[in-house]
Amino acid sequence: FYSFDERNHVGYAPEQPIPFSHKLHAGTMEIDCRYCHTGVEKSRHATVPSVDTCMNCHSVVKTGQEPIKKLRKYFDAQESVPWKRIHKLPDYVYFNHSIHISKGVDCTECHGDIREMDVVKKVRPLSMGDCLSCHRETHKVVTDTEIVEKIQGPQHCIACHR
């Protein structure tokens, strides 16, 4: 268990119950973030992948490796892997992943280049000031037909505080 302050600093990278390399899965193997984080386009939560998602591949891939054997135990017991959360906003903050994705914000903007991380760590403070600095910037958004410059996000209180 970690305190909010401890978990809230840039560089936070807790040891996970099963080692998982985003560098291997999202980088080398080029698995799209949305394959595992299925809620990111349709929900306010990106969602942590279920063991079932992992087992789509690992029921046949690398089955003899210790981390996969541990994953299999969770699967057989129909239990979730108790992953340690890295990115957590206070309860009074409303954040919606799907809105950001639909506006063209890439995952790397807030989470860093996950494709290069063996161990995921927090790369931005995700504080109110951090979010507002992005919302205040003029961004180029590429559509199918043009490049548009626009303010990316609202800056009024109730956009995030509900």
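A residue counts as partly exposed when its relative accessible area falls between the buried range, under 20%, and the exposed range, over 50%. Keep that in mind for the first stop of this tour through a predicted model.

**Stop 1: Lys23**

Select Lys23, which sits in helix H2, residues 22-28. Its relative accessible area is 33%, so Lys23 is partly exposed. Now add Arg115 to the selection. Lys23 and Arg115 are separated by 92 residues in sequence, yet their C-alpha atoms are 4.6 Å apart in space. Show the surroundings of Lys23 as well: leaving aside residues up to four places away in sequence, Lys23 touches Thr28, Ile114, Arg115, Glu116, Met117 and Asp118.

**Stop 2: the second largest pocket**

Keep Arg115 selected and add Asp32, Cys33, Asp106 and Cys107. These five are the closest to the centre of the second largest pocket, among the 15 residues that line it. The pocket holds about 270 Å³ of space. What classes of residue make up the lining of the second largest pocket? Its lining has 8 nonpolar, 5 charged and 2 polar residues.

**Stop 3: the nonpolar cores**

Clear the selection and pick Ile18, Val51, Met55, Leu71, Tyr74 and Val81. Together these 6 residues form the largest nonpolar core. Helix H4 (51-58) and helix H5 are the elements that give two or more residues to this core. Next, centre the view on Val81. Not counting residues up to four places away in sequence, Val81 touches Pro17, Ile18, Val51, Leu71 and Tyr74.

A second core, separate from the largest one, has 5 residues, among them Ile86, Ile114, Met117 and Val120. Two of these names have come up before: Ile114 and Met117 are also among the residues that Lys23 touches.

**Stop 4: Asn96**

Finish at Asn96, in the loop that runs between helix H5 (66-76) and helix H6 (97-102). Is Asn96 buried or exposed? Asn96 has a relative accessible area of 11%, so this residue is buried; the cut-off for buried is under 20%.

Show side chains here. The side chain of Asn96 makes a polar contact with that of Ser98, at 2.5 Å. Another polar contact, at 3.1 Å, joins the side chain of Asn96 to the side chain of Tyr94. For neighbours from elsewhere in the sequence, select Ser43 and Arg44: Asn96 touches both, with residues up to four places away in sequence not counted.

Technical notes
Residues numbered from 1 in each chain as written. Predicted model: local features only at pLDDT ≥ 70, side-chain atom pairs only at ≥ 80, totals over all residues. Heavy atoms only, no water. Helix = DSSP H or I, 4+ residues; strand = E, 2+ residues; numbered from the N terminus. Buried < 20%, exposed > 50% of the residue type's maximum accessible area, 1.4 Å probe, protein only. Polar contact = N/O pair within 3.5 Å; in protein donor to acceptor, adjacent residues only side chain to side chain. Contact = heavy atoms within 4.5 Å. Core = buried A, V, L, I, M, F, W, Y, C linked by side-chain atoms within 4.5 Å. 1 Å grid on protein atoms, 1.4 Å probe; cavity = no way out; pocket = protein on both sides within 12 Å on 5 of 7 lines; lining within 4 Å. Points joined across faces, edges and corners; volume = space filled by probe spheres on them. Nonpolar A, V, L, I, M, F, W, Y, C, P; charged D, E, K, R; others polar.
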